[in-house]
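Please walk me through the inside of this protein. I would like to know where its empty space lies and what packs around it.

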Amino acid sequence: MPYTPSEPWPLLVPAPSRSVAVMVGTATHVVPGTLPALPQAAASVSALAAALTGPLGAFDPAAVHRRIDPPTPADVLRLLPAPGGDPLDVLLFYFAGHGVLGEDNRLCLALPGSVDDASRAEHTSLPAAAVFQAMRQVRAAHKVAVLDCCFAGRALDAAAAADIHLLTAAGRTKKALTPEGHRHTGFTDALLRLLSDGIPDGPERLDLGTLHRYLAVTLPGARLPEPLQRAFGATGDLALFRNPAHGTAHTRSGLLARARFAAQIRELGRRGRPDRSVQAARLFEVLARDAAAVLGAVDEDTLRYRHVHASTTGEAGDPHTAHSLLERLLVDWPTGGAADMAGADGADGGRREAALASREFWRTRRERSGEADGERPRPGAR
């Protein structure tokens, strides 16, 4: 049957028998190394390998090769499939550890004896370009490198990475962070949580494009660096994991999970990203509509989502619509008997009073913007 726009976009699912992953972590540093130990790197390799080979992953355990604290570059490169071997669907390379910069700011992946000095880094570490060059020799339809280290965005500048899908934990000048007390690195911890929780309104399988889209929200939301991604060809459609939350978008718990994600986008908008405010308003619009259809227009959760939708619409630059949405919300608010008493004595947590205050706030903003009651501002205008 031919693909039609009304159907889900067809993703690329690799065959486990034709998928290979090489996972490397540097946790220990020894003389002459000058870098601090990073035990979270070893834990991150183990946990992500378990996700790749578990019930939700797309890899056979025998095809996932792990190495912690490799002493030399050769110990890493020999883990990659030999050139000229049987063709693969996907070759995945993952590194967790410190990233150091060599001459001309070339990215190097730290090994136990790495020296964090530009003149010595490339001689004591594993140059990222060497990994990419080795990957290029492997016969694979899709090649993916996930780099969880400082300055990982420098990988985008490597000529040898031109046909490799890159997902990096940080930008060219940013340090990847590991919050104190965390078992895993900050980036991989967020990735593992996403794989475990799933995306209620996401596809049945989680493709690389979707993973990056969510990590680009959750990581900055946790005050961690924003990840970078560069796809090659159709690699953004490559799906390496099943989505454990698929089909729950219209359940109460699924609606709540969607609301939490939209709230993270809203917060990024409040930090000076107006594009994120517009996205958040759209997500809350759909969420409020779905909640009304599933839970009812005056369900407690629906009322809350409708309120947040209105406020976020105002934050996105449309105070006129924000005020109108709040007017309709208050008309629909349950009244009479216990409901009136709840609104009066605050037994509903003050939600109705908060909606009333929001309505007045956006009414004032609308008037200050000089808009007439019957006019609508340009969408997304500030």
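Ala169, Ala176, Leu177, Gly186, Phe187, Leu219, Leu224 and Pro225 line the second largest cavity of this predicted model. That cavity holds about 40 Å³ of space. Its lining is made up of 7 nonpolar residues and 1 polar residue, with no charged ones.

How many cavities of 30 Å³ or more are there? The count comes to 2. Rolling a probe the size of a water molecule over the atoms shows where such empty space is left.

The largest cavity has a volume of about 100 Å³. Leu48, Leu52, Leu92, Val146, Leu167, Leu191, Leu208, Leu211, Leu240 and Phe241 form its lining. By class, these lining residues are 10 nonpolar, no polar and no charged. At least two of them come from each of α1, α6 and β11.

Now turn to the packing. The largest nonpolar core has 42 residues. Met23, Leu48, Phe59, Leu195, Leu211 and Phe241 touch the most other members. Several elements give two or more residues to this core: β1 (19–25), α1 (39–53), β3, β7 (140–148), α5 (186–197), α6 (208–221), β11 (239–242) and α7 (252–270). Leu48, Leu211 and Phe241 also appear in the lining of the largest cavity.

Take Phe59 as one example. Leaving aside residues up to four places away in sequence, Phe59 touches Ser19, Val20, Ala21, Leu52, Thr53, Val64, Val90, Leu92 and Leu240. Apart from the core of Phe59 lies another core, of 34 residues. Phe93, Leu101, Phe132 and Ala160 are among its members.

Next comes a helix. α10 (319–332) has 14 residues. From first C-alpha to last, α10 reaches 20 Å, close to the 20 Å expected at 1.5 Å a residue. Which residues of α10 are buried? They are Pro319, His320, Thr321, Ala322, His323, Leu325, Leu326, Leu329 and Leu330. Their cover includes α9 and α12 (351–368).

Two loop residues complete the tour. Ala316 sits in the loop between α9 (300–315) and α10. Is Ala316 buried or exposed? Ala316 has a relative accessible area of 9%, so it counts as buried. Its C-alpha lies 18 Å from that of Arg304, 12 residues apart along the chain.

Gly85 belongs to the loop between α2 (73–77) and β3 (88–96). With a relative accessible area of 28%, Gly85 is partly exposed. Gly85 and Arg139 are 54 residues apart in sequence, yet their C-alpha atoms are 6.7 Å apart in space.

Conventions
Residues are numbered from 1 along each chain as its sequence is written. This is a predicted model: local features need pLDDT of at least 70, side-chain atom pairs count only at pLDDT 80 or more; totals for chains, interfaces and linings use all residues. Side-chain values use heavy atoms; hydrogens and water are left out. Helices (H or I, at least four residues) and strands (E, at least two) are DSSP runs, numbered from the N terminus. Buried means under 20% relative accessible area, exposed over 50%, partly exposed in between (1.4 Å probe, protein chains only). The expected span of a helix is 1.5 Å times one less than its number of residues. Contact means heavy atoms within 4.5 Å. A nonpolar core is a set of buried Ala, Val, Leu, Ile, Met, Phe, Trp, Tyr and Cys residues joined through side-chain atoms within 4.5 Å. On a 1 Å grid over the protein atoms alone, a cavity is a set of points where a 1.4 Å probe fits but cannot get out, and a pocket is an open set with protein on both sides within 12 Å along at least five of seven lines; lining residues have an atom within 4 Å of a point. Grid points are joined across faces, edges and corners, and a volume is the space filled by probe spheres set on the points. Ala, Val, Leu, Ile, Met, Phe, Trp, Tyr, Cys and Pro count as nonpolar, Asp, Glu, Lys and Arg as charged, and the others, Gly among them, as polar.
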